[in-house]
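This report walks through the strands, helices and nonpolar core of one protein chain. Please keep the sequence and the structure at hand while reading.

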Amino acid sequence: MGVADSVNIRYGLISVDDHVQEHPDVWTARLARTQWGDRIPHVQRLADGTDRWIVNGEPISLSGIASAGAALPDRALEPQRWDEVPRAAYVPAERLRAMDADGVDYSVLYPTVAGVSGETFARLTDPALELACVQAYNDWLIEEWADTSERFIPQCIVPLFPAEAAVAEIRRAVAKGHKGVIYPAVPMELRDVPHVNEPEYDAIWAACAELGVPLCIHAGSSNTVQYPPGERLSPAVASAFAAVAGPASTMAVLVHILISQILMRHPNLKVVFAESSFGWGANQLEFVDQQFREDGLQREGYDLTPSELFRRQCYLTGWYGRAGLQTRRLIGVGNMMWSTNFPHTTSTWPETHQRIQGSLAGVPIAEQEQILWRNAALLYEL
């Protein structure tokens with residue numbers, strides 16, 4: 001019996017991209033005020049009566065106090081005070097009820113306040129504070145979420161650089177039960193560090209491969225690969241623009257991974273592109289192979305085409321759109337996974353299975369199972 005055959009599946013869905021909402025005590029209860037003072041991540045009431053997260057003395061870029069629009073009566077809004085945040089966003093027991101209501105067996109977790117790829121703390125220039133914030137988050141996710149239910153799949157964030165610090169935290173976190181490693185797409189955007197292609201990062205990729213945990217890159221973690229919304233747009237329109245542009249911005253990140261030779265140097269490394277979707281991915285894989293042939297990149301030492309590297313090591317995640325025959329052929333059914341994106345505004349909750357029926361209409365049942373849960377069960381060794 002294989003891993004995917006022994007996992008406890010009731011509803012037929014492992015959601016590979018959901019988010020936890022960190023509550024106000026995550027860092028204040030774990031970091032010493034005598035050492036860090038107001039640099040500790042905390043919630044602060046502003047003069048206009050709204051609440052905001054403050055990290056290292058500065059407000060972070062969340063449009064509210066939380067990202068939980070899907071669980072609000074009006075999902076176009078975000079909570080502006082902590083007492084408005086729906087409990088399903090930050091209370092594990094309530095999240096399990098929300099998962100049951102939406103037919104979700106397991107949920108792979110990404111951060112919110114820490115940044116969708118840990119970029120909030122990656123921007124800190126004090127390595128001691130960065131490590132303290134990272135470790136507090138990773139410990140909290142195990143203690144309050146993973147220890148509550150095996151249905152929560154925790155993934156760690158890590159110090160951005162140097163690689164030795166990231167590797168040390170990867171090993172510590174995986175030993176505690178973390179099953180994935182979240183890392184920013186463009187680290188050199190966040191601090192003065194080497195380009196991500198350089199060998200200084202190889203120890204990070206090697207540690208993930210050795211420990212059998214995927215490297216997870218979430219859409220929206222980089223500003224440099226995203227087109228900003230115009231200043232004249234209303235907040236609602238700007239939010240919609242960002243929601244659409246974020247996944248599409250993964251195009252540049254995917255191409256980088258495929259032609260940077262990182263996958264060649266680390267053939268056992270698995271990479272997840274979270275909140276990516278499928279349609280553009282199929283087109284991009286076809287395009288990058290075409291350019292590979294036109295530019296004669298075989299002469300540059302590549303032993304596989306970009307699409308072959310992708311199918312050996314990478315995964316795209318969908319939560320909307322049709323997974324047609326051509327899309328599945330180009331991406332590979334074994335490289336596709338599904339999510340609900342709860343509790344973000346763009347989540348399909350609480351109608352995920354109705355949406356799936358439309359997206360996977362005509363897809364053979366065996367392939368549906370691969371996309372909806374078997375690939376994830378194997379990747380995360382459930």
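Two strands are said to pair if DSSP finds at least two bridges between them. The model described here is predicted, and the account begins with its strand pairings.

**An antiparallel sheet**

Strands S2, S3 and S4 form an open sheet of 3 strands in the order S2-S3-S4, with antiparallel pairing. The edge strands of this sheet are S2 and S4 (58-59), each of which pairs on one side only. Between S2 and S3 (residues 51-55) there are 4 bridges, and these two strands run antiparallel; within this pairing, Gln44 of the chain stands opposite Arg52 in S3.

His42 belongs to strand S2 (residues 42-45). Is His42 buried or exposed? Its relative accessible area is 15%, and because buried means under 20%, His42 counts as buried. A polar atom of the His42 side chain lies 2.7 Å from the backbone oxygen of Ile40, and, when residues up to four places away in sequence are not counted, His42 touches Thr28, Arg52, Trp53 and Ile54.

**Parallel pairings**

A second open sheet is formed by 3 strands in the order S1-S5-S6, and here the pairing is parallel. Strands S1 (14-19) and S6 (152-153) stand at its edges with a single partner strand each, so one side of each is left without a neighbour in the sheet. S5 (residues 106-110) and S6 pair over 2 bridges, with Val108 opposite Ile153 in S6.

Strand S9 (residues 215-218) pairs with both S8 and S10. In a regular strand the side chains alternate between the two faces of the sheet. In S9, Leu215 and Ile217 point one way while Cys216 and His218 point the other way, and all of them are buried. The table sets out selected strand pairs.

| Strand pair | Bridges | Sense | Opposed residues |
|---|---|---|---|
| S8 (residues 181-182) and S9 | 2 bridges | parallel | Val181 and Leu215 |
| S9 and S10 (residues 271-274) | 4 bridges | parallel | Cys216 and Val272 |
| S5 and S6 | 2 bridges | parallel | Val108 and Ile153 |

**The nonpolar core and helix H6**

The largest nonpolar core has 114 residues, and those with the most contacts inside it are Trp27, Leu31, Phe121, Ile204, Trp205 and Phe273. Helix H6 (residues 127-146) gives the most to this core, with 9 residues. In soluble globular proteins, nonpolar side chains tend to be buried together. Leaving aside neighbours within four places in sequence, Ile204 is in contact with Ala163, Ala166, Val167, Ile170 and Tyr183.

H6 is mostly covered, with 14 of its 20 residues buried. At 1.5 Å a residue, the 20 residues of H6 should span 28 Å, and its end C-alpha atoms are 27 Å apart, which agrees. The N-terminal end of H6 is capped by Asp126, a side-chain oxygen of which lies 3.0 Å from the backbone nitrogen of Ala128.

**Helix H14**

Which residues of helix H14 (residues 306-313) are buried? They are Pro306, Ser307, Leu309, Phe310 and Gln313. Seen down the axis of H14, these buried residues fall within an arc of 155°, so they line one face of the helix. What covers them includes the helices H11 (250-259), H12 (262-265), H13 (279-294) and H15 (325-331), together with the strands S10 and S11 (314-318).

Methods: Residues are numbered from 1 along each chain as its sequence is written. This is a predicted model: local features need pLDDT of at least 70, side-chain atom pairs count only at pLDDT 80 or more; totals for chains, interfaces and linings use all residues. Side-chain values use heavy atoms; hydrogens and water are left out. Buried means under 20% relative accessible area, exposed over 50%, partly exposed in between (1.4 Å probe, protein chains only). A nonpolar core is a set of buried Ala, Val, Leu, Ile, Met, Phe, Trp, Tyr and Cys residues joined through side-chain atoms within 4.5 Å. Contact means heavy atoms within 4.5 Å. A polar contact is a pair of N or O atoms within 3.5 Å; within protein, one must be able to donate a hydrogen and the other to accept it, and residues adjacent in sequence count only if both atoms are side-chain atoms. The expected span of a helix is 1.5 Å times one less than its number of residues. The arc is that of the directions from the helix axis to the C-beta atoms.
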